[in-house]
Amino acid sequence: MANKKEVHKVAKSFLRSMGGSIKFIDLRYYLEKTGWKVYLYNGINETGDSILKDMKLETYAMSLHSFLYCQGSYRLIFIRCQESEQEALYHLLHEIAHIQLGHVNYRLEFVPATDQIEVEAQQFVQYALTH
């Protein structure tokens, strides 16, 4: 992607497809319609916690606010639910940004984070939250 103008164009198109709504519940519904499952986790008793335990990712997850996981037919997004509602929205939008910007490699379990893709995801989120 590489430039801010292109990132904003993708974000604008996404917002249009959502009818301008960026509520957590609407974004989650959108993701589930497109084959992604969204799980909350907190290290105690959320549904996402048992899935993370089965996948042996609890320690990894607790060091993050959110992350994507792809393997085979799995398309999973994990959001730490200890965040405030606004922070949870930000992190869900951040993961959507990675999907919309083509940062997801469906052949790998994890896409290595680089400074460039993180900057692009942040630019997408900032545009989405301010327009």
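The paragraphs below follow helix α2 of this predicted model from its buried side to the nonpolar cores.

Helix α2 spans residues 24–33, and its buried residues are F24, L27, Y30 and L31. Because these four cover an arc of only 125° around the axis, they lie on the same side of α2. The face turned away from that buried side carries I25, Y29 and K33, which are exposed; here, exposed stands for over 50% relative accessible area, and buried for under 20%. As for what lies over the buried residues of α2, the covering elements include the helices α1 (4–17) and α5 (85–100) together with the strands β1 (37–41) and β3 (74–80). After α2 comes G35, a residue whose phi is positive, near 95°.

One of the buried residues of α2, L31, leads into the interior of the model. Leaving aside residues up to four places away in sequence, L31 touches W36, V38, I77, L92, I96 and I99. L31 also belongs to the largest nonpolar core, a set of 31 residues in which L31, I77, L92 and F124 are those with the most contacts inside the core. At least two residues of this core are supplied by each of α1, α2, β2 (66–71), β3, α5 and α6 (115–130), and the largest share, seven residues, comes from α5. Helix α5 thus appears twice in this account, as part of what covers the buried residues of α2 and as the source of that largest share.

Separate from this core there is a second one, made up of ten residues, among them Y39, I51, F67 and L76.

Methods
Residues numbered from 1 in each chain as written. Predicted model: local features only at pLDDT ≥ 70, side-chain atom pairs only at ≥ 80, totals over all residues. Heavy atoms only, no water. Buried < 20%, exposed > 50% of the residue type's maximum accessible area, 1.4 Å probe, protein only. Arc of directions from axis to C-beta. Contact = heavy atoms within 4.5 Å. Core = buried A, V, L, I, M, F, W, Y, C linked by side-chain atoms within 4.5 Å.
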